[in-house]
Amino acid sequence: MIEKLLCHRSKTLLDALQLFNENGKGAVFVVDDLGKVCGVLTDGDVRRWFLQGKELQSRVEGIIQAEFVFAKRTESREEIFNKLNEKIRILPIVDDAMRVVDYVEFRGSIHVPIASPDLKGNELKYLIDAFLSTWISSKGKYIERFEKEFARFIGARYAVANTNGTTSLHLALLACGIGPGDEVIVPDLTFAATINAVIHANARPVIVDVELDSWGIDPLEIEKAITSRTKAIIPVHLYGQPCNMGAIKTIARKHGLFVIEDCAEAHGALYGGQKVGSIGDIGCFSFFGNKVITCGEGGMCVTNNKEAYGLMCQIRDHGMSLQKRYWHDRVGYNYRMTNLQAAIGVAQLERVDEILRVRESLENQYRFLLADLDHVELQRNDFPDRKKITWLVSILVDRDVVETISGKLKERGFDVRRFFYPLSEMDIYKKYVFSNVNSRDISNRGLSLPTGAGITEKMVSDIVAVIKEKGASDP
Ligand SMILES: *Cc1c(COP(=O)(O)O)cnc(C)c1O
């Protein structure tokens with residue numbers, strides 16, 4: 001590791017930039033022929049030098065400052081750490097000959113993000129291929145491939161790539177013919193995109209409560225909320241957990257309602273052996289950067305219904321007739337995905353099973369360590385006939401410690417997230433509420449923990465230690 005932090009004084013700024021990239025620290029220690037450290041160079045310094053007219057080929061030795069902060073091996077840990085602050089984020093520890101033997105970093109700067117994408121496969125290769133092909137807009141081989149392969153992954157006949165998860169929901173609603181005067185039932189506990197899409201379609205959302213055990217929309221509440229104007233239900237497979245699709249489908253059949261699944265957090269989850277998204281009339285997915293797989297921004301609608309498929313293709317492309325180009329027989333949108341996004345999507349999809357496995361094993365590490373804590377309730381993974389996937393590892397803690405725990409974790413650089421606020425608590429959605437008891441309770445107690453590429457076993461145990469700490473001090 002130390003080698004990647006060392007940069008010979010004769011190197012160029014370009015070399016230094018490459019080292020920043022490789023070592024992930026945004027800094028290098030500049031050394032001479034004898035390995036003696038003679039300066040520290042950070043990405044901030046380089047930016048400043050560029051602004052002052054230096055070029056990529058300028059030599060590092062021409063810009064390093066004579067004074068820099070370092071520590072001697074003989075100094076105490078405390079003395080060394082006291083030299084660090086928001087500005088001095090990294091410093092070399094040297095021996096008597098001024099050779100770097102170690103380094104320390106500002107602890108406050110250790111930041112573990114809640115969800116970072118895993119882009120280690122063919123993502124860059126395909127992206128460059130798409131770029132070099134010049135098919136960088138919304139036509140190109142990767143779009144068709146992404147659709148075909150995503151449909152196969154879900155086990156649905158058709159897939160329609162589009163701009164994001166929200167536009168997927170909007171497209172699905174429009175394809176079901178939902179509009180003014182119609183009511184669409186949504187859960188209270190979800191990301192706002194679910195309800196926004198209904199409002200974009202000029203329909204009226206009806207917010208119902210969720211189940212205490214699955215956190216998903218409650219079929220009993222759905223049934224109570226149905227009126228003669230109800231046209232569709234949008235179950236949201238929250239935090240990777242499939243909703244009670246059996247009961248929801250039964251209700252939908254009985255009342256002649258569409259089921260549009262919001263699968264933005266549940267790529268690959270199973271209900272009754274079927275992947276979510278293929279169970280209702282249309283399934284909607286998101287490929288935002290924090291989702292299970294990503295293409296930056298992106299969305300996908302899947303369906304087995306040929307007519308819905310055709311409508312979604314048309315509405316996505318300005319409402320242009322599929323038979324006659326530049327002829328419009330309905331008012332559509334531009335919801336097309338680019339070939340560049342699809343290229344990343346195809347590469348992500350190649351590894352989706354592996355990505356899901358890694359995420360599940362991360363969740364299992366959390367589960368193992370959190371299992372016997374009285375103040376922690378894990379998201380359930382034992383519903384018969386359902387196989388949840390790991391989006392964000394999510395837990396409920398006692399209400400009076402949730403703030404303290406999340407505060408402490410943040411303080412130590414771990415990015416935790418409280419659950420979504422219930423929609424019914426926000427002024428703009430209040431008027432649509434039908435029921436919301438469990439949703440408020442769950443939202444008040446929920447925490448999502450760092451889940452994604454780069455989370456190590458050590459990080460998991462550090463995070464769990466903080467959660468435990470709080471439990472211990474609370475009798
Ligand atoms: C992320 C998300 C969406 C929206 O997806 P975007 O791609 O960000 O538009 C919709 N519903 C749920 C439940 C989500 O988590």
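Here a biologist asks about a predicted model of a protein, and a modeller answers.

Biologist: What should I know about the residue numbers and the model before we start?
Modeller: Residues are numbered from 1 along each chain as its sequence is written. This is a predicted model, in which local features need pLDDT of at least 70, side-chain atom pairs count only at pLDDT 80 or more, totals for chains, interfaces and linings use all residues, and side-chain values use heavy atoms, leaving out hydrogens and water.

Biologist: Great! How many helices and strands does the protein have?
Modeller: Helices (H or I, at least four residues) and strands (E, at least two) are DSSP runs, numbered from the N terminus. The C-alpha trace spans about 85 × 65 × 40 Å along its principal axes. Within it, the secondary structure comes to 16 helices and 20 strands.

Biologist: Into which domains is the protein divided?
Modeller: The bounds come from an automatic or database domain assignment. Taken over C-alpha atoms, the centres of domain 1 and domain 3 are 38 Å apart. The protein is divided into domain 1 (2-108), domain 2 (123-350) and domain 3 (352-473).

Biologist: What percentage of the residues count as buried?
Modeller: Buried means under 20% relative accessible area, exposed over 50%, and partly exposed in between (1.4 Å probe, protein chains only). Of the 475 residues of the protein, the share that counts as buried is 54%.

Biologist: Between which domains does the largest nonpolar core lie, and why?
Modeller: A nonpolar core is a set of buried Ala, Val, Leu, Ile, Met, Phe, Trp, Tyr and Cys residues joined through side-chain atoms within 4.5 Å. The largest has 65 residues, and those with the most contacts inside it are F146, F150, I222, F287 and M300. Helix α6 (residues 141-154) gives the most to this core, with seven residues. Because two domains both give residues to this core, it lies between domain 2 (123-350) and domain 3 (352-473).

Biologist: Which residues are in contact with M300, leaving aside its neighbours within four places in sequence?
Modeller: Contact means heavy atoms within 4.5 Å. M300 is one of the residues with the most contacts inside the largest core. Leaving aside those neighbours, its partners are F146, E147, F150, A159, V160, A161, N162, S168, G283, C284, F285 and F287.

Biologist: Now for empty space. Which residues lie nearest the centre of the second largest pocket?
Modeller: On a 1 Å grid over the protein atoms alone, a cavity is a set of points where a 1.4 Å probe fits but cannot get out, and a pocket is an open set with protein on both sides within 12 Å along at least five of seven lines; lining residues have an atom within 4 Å of a point. Grid points are joined across faces, edges and corners, and a volume is the space filled by probe spheres set on the points. The second largest pocket has a volume of about 530 Å³. It is lined by 17 residues, and nearest its centre lie S138, K139, R316, D317 and R336.

Biologist: How many of the residues in that pocket's lining are nonpolar, polar and charged?
Modeller: Ala, Val, Leu, Ile, Met, Phe, Trp, Tyr, Cys and Pro count as nonpolar, Asp, Glu, Lys and Arg as charged, and the others, Gly among them, as polar. Both α6 and α11 (306-316) supply at least two residues of the lining of the second largest pocket. This lining divides into six nonpolar, four polar and seven charged.

Biologist: Which residues line the largest cavity?
Modeller: The count comes to two cavities of 30 Å³ or more. About 40 Å³ of space lies in the largest cavity. Its lining is made of Y239, W391, L392, R417, R418, F419, F420 and S448.

Biologist: Which helix gives the most to the lining of the second largest cavity?
Modeller: The second largest cavity has a volume of about 30 Å³. It is lined by E363, Y366, R367, L378, Q379, V393 and S394. With three residues, the element that gives the most is α13.

Biologist: One last thing: is Y239 buried or exposed?
Modeller: Y239 is found in the loop between β10 (230-233) and α10 (245-255). It has a positive phi of about 50° although it is not a glycine. At 2% relative accessibility, Y239 counts as buried.
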